[in-house]
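User: Please take a close look at one part of this structure, the open sheet, and explain how its strands are ordered and what packs on them.

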2 protein chains.
Amino acid sequence: MALPSSASLGHHFPPLSATTHSSLAQAFPRASAVEAPPNQKRQLRASIHVPTTLSNLLHLHVGSAHAAGTTAGDLPTPAAIRPDTPALSPKEDISSLFQQIHGRGDWSGLLHPLHPWLRREIIKYGELAQVTYDGFDFNPFSEFCGSCLYGRDRLLAKLGLARTGYTVTKYVYAMSQIGIPRWLERSLHADAWSTDSNWMGFVAVSDDAESRRIGCRDIVVAWRGTIAPTEWFEDIQGALRPLGDGHGDAKVERGFLDVYTSKSERTRYNKTSASEQVMAELRRLVNLYLEQGERVTLTITGHSLGGALALLNAYEAASALPEDVSVSVISFAGPRVGNSAFGERLKEKKVKVLRAVVKQDVVPRLPGILFNERLKTLEGVVGKKMEWVYEHVGMELGLDVKSSPFLKHGVDVAGFHNLEMYLHLVDGFVSREREFRTEARRDVALVNKTSGMLLEELRIPPNWNQAANKGMMCNAYGRWVKPTREAEDIPSPYREATDAMAEELGRSRPYIHHVAE
Amino acid sequence: MALPSSASLGHHFPPLSATTHSSLAQAFPRASAVEAPPNQKRQLRASIHVPTTLSNLLHLHVGSAHAAGTTAGDLPTPAAIRPDTPALSPKEDISSLFQQIHGRGDWSGLLHPLHPWLRREIIKYGELAQVTYDGFDFNPFSEFCGSCLYGRDRLLAKLGLARTGYTVTKYVYAMSQIGIPRWLERSLHADAWSTDSNWMGFVAVSDDAESRRIGCRDIVVAWRGTIAPTEWFEDIQGALRPLGDGHGDAKVERGFLDVYTSKSERTRYNKTSASEQVMAELRRLVNLYLEQGERVTLTITGHSLGGALALLNAYEAASALPEDVSVSVISFAGPRVGNSAFGERLKEKKVKVLRAVVKQDVVPRLPGILFNERLKTLEGVVGKKMEWVYEHVGMELGLDVKSSPFLKHGVDVAGFHNLEMYLHLVDGFVSREREFRTEARRDVALVNKTSGMLLEELRIPPNWNQAANKGMMCNAYGRWVKPTREAEDIPSPYREATDAMAEELGRSRPYIHHVAE
């Protein structure tokens, strides 16, 4: 799925409403104390309406890196928009609380207000989910469209997460054609790397240092989702499919299950399904670390469709892996996946689910009333419990676009669903009753990486994530050419085959190297 | 004016018609000798229809830089798309013919067929005109929107023309507001560098080596134009204005004259008009080089609106400068500018005009029948001569989109007007009767820099000219920020004032340094 048209059009300037304009002023009242003189105001009308004083404040700080945070007589500039403040928080040893952070006790006592350690872990997993977008080749002109831009040994480093403390051990592919909803990307090249498969995510494992910090060996699966919620309306099939024998009445949305389980001998990367690929890797890693006597956790993350796949994956993993591996899901903007029986089975299997949900985002409300007019009429009769048939599971972390003083509040279906926007809201969240954290320091500019949600006065261009000259480079002959990928970054079915055979032979894979401390 | 909507939407994939598909095959018949097997053909239907063998040929050459140009049994790949062939032609000493190339004798004997030396000079001036686009800040989020991205001492080097043999000596600004048609850019920033002016072009002069090569000291004025022809329909005012006393019946289109002559004491960069700025610099340079006993030529170039301004500028220069400075205009996609009396006066003043005009481009047909319904009805009565009132001047170099085997032929109003597309057609032009030059070696990829005119099978993304992350950079604190411009690249009214005062004081300007040989 390409970006939705509203987002891909680039700049758009809805007139800032009075509400939008005043939100920053409310949060930082001194920032708008000085009013622009009347004649200056008249000039502004033709351009963007910029609350002049906050702009000035921002400018001051751009120029004076040493005066971090304050100007004489002003409230401190929020850390999230100070260019001279590190964007990362220091990492503390959270091993004393990790089981709770990982979901034991259903996060009781950690969500209201949100515990800072839990907040930081949610963002850590969210950033790993974000990697599945930032690392994805969306370019329909590329013969590698639908693959990962980088080889797995350097994926995290290429995307600025070298110090995240995880090592990617496996890429997961899902079929993108034949019977699959149009959620996935297809290359327009006839001789593409694969016309059948999409890179759908990865398995990673915490290195020794990170494992010590959090108190266990943490295996992560990050599932890629969809960016454009408009396609959901078209493609949610609204058909529940039973999971089959041994799963009772559990049923899940057919489209999600198709993505998770489809395979074909005629493909290059999906001779096995996404499910089979990920489960083989999870068994291998779990065995490896359990044999070493380590405590092992499995955390599955994903945004949007990725959140749905995370649930299916968690269900399967909790069924197949040893019981002493605790399984939790940290999802963002995930839709409903199955019926109440599916939810009950997940609970029985002790899968812990924490869903970050933005109130204004439509996707978490899907599949719902939109897909089935018949059910809509039943709404008043059968009551709230039966209203949807599809049911959410686990704990919800409810977020609100209006809580952030940095965001536009006008309707933006794609913006409300954006993962970076979610992470921004998590970073500022304390509780429903409390205001956006002024000490939140995650880089606000990231919100506009693939959205236009930031207030214009912050001067961050919307949808700024783009390659220089769409990847064209001027070569030594003075010609503009599309450079070929480095060999390490070109997808190869041999790499995947090697994994499987190494496992059969009981050999360790030489490229699983933990980051040196 | 922003890019027209059709261009700024990015990728678009009209199905390739049979005609389009066959054009490359016609030009290079062996390239499509091998047909794809039937089952492969079926696969192709869902993707872009790519003539497989030419693609393979291109791929072969990407991989084998040493086998430049041929593969066993194949026709040579055209130089224009060989990634391993220098894009520039060697520069010959053309001093023996420069007066003719500069227009003496109205280019007789040089146009049919097009003399290779003249072709190369036309492209040289066209590339200087292209600089006014490539160097322009179109970003409405930039506080420098409407200015040149680079200081004049490094403009050409920044845009890959370090070796062009010219030194920029002056920037020219024109008013962009008040009474001016909406052809020019306006920043959306309230505190922009200037809300009144646009960078409109530059004056440059040939360095010693280039002057020796061409046989004279060549002063160039390059005028910026408009990219989006759609705005022409709205903004051509269709009102002829007399040039006034001493100019007889000569009249020109009011809008062009407004851009050329508007000024206001209340502005920062247009206390003097574009006309006054450029004429002062021309007088200074002409005096300087005539005093040194050199032969001096003035070549004025521009695309689109820039072509119109070039004519006005040439008219004024030929009136004001010493007669021994020959004045010529090399324009691209220029509209009609004035009435027949204006054309006559230009001829009297010995201004030589060579207009490159693409048959499919609408702008050179403006102002015309479109603006005046009354004249349309007169058409049959008064005959062809009176049909337009506005009249073209000089010699026309007629180009045809269909002559190039690399271009789409479907209607693309913006693409037909694109300057890089013009330069591509000039590069391949021999004569109307002859085919596109197979030895043309100008980089074909440039056509898609700001258009989508290239055939998809060439795999050059449309509109590929874009800044990495819209100029956002990750700073040392891990934050994405918009870096401020380097001081040399920030427009400053002092720089312009210095020029004027240095002239008054009779001092040379230290930053006019000729490029060392």
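Analyst: The following account describes the sheet strand by strand and then turns to its helices. This is a predicted model, in which local features need pLDDT of at least 70, side-chain atom pairs count only at pLDDT 80 or more, and totals for chains, interfaces and linings use all residues. Residues are numbered from 1 along each chain as its sequence is written, while chains are lettered from A and ligands numbered from 1 in the order in which they are written.

In chain B, 7 strands (DSSP runs of E, at least two residues, numbered from the N terminus) form an open sheet with mixed pairing, in the order β1-β2-β3-β6-β7-β8-β9. Two strands pair if DSSP finds at least two bridges between them. At the edges stand β1 (166-175) and β9 (395-399) of chain B; each has a single partner strand, so one side of each lacks a neighbour in the sheet. On average, neighbouring strands are turned by 15° against each other, direction ignored; axes are lines fitted to C-alpha atoms, for helices over the stretch in contact, and angles run from 0 to 180 degrees between N-to-C directions.

Strand β8 (residues 352-358) of chain B runs parallel to β9(B), and 5 bridges join the two. Within this pairing, V358(B) has L399(B) of β9(B) as its bridge partner.

Two helices (DSSP runs of H or I, at least four residues) complete the picture. Helix α16 (residues 419-428) of chain B packs on the sheet, where α16(B) touches β6, β7, β8 and β9 of chain B and makes about 100° with the direction of β8(B). Helix α12 (residues 305-320) of chain B lies across β2 (197-206), β3 (217-223), β6 (296-303), β7 (326-332) and β8 of chain B, at about 155° to β6(B). Contact here requires C-beta atoms, placed from the backbone, within 7 Å.

Terms used: Contact = placed C-beta atoms within 7 Å.
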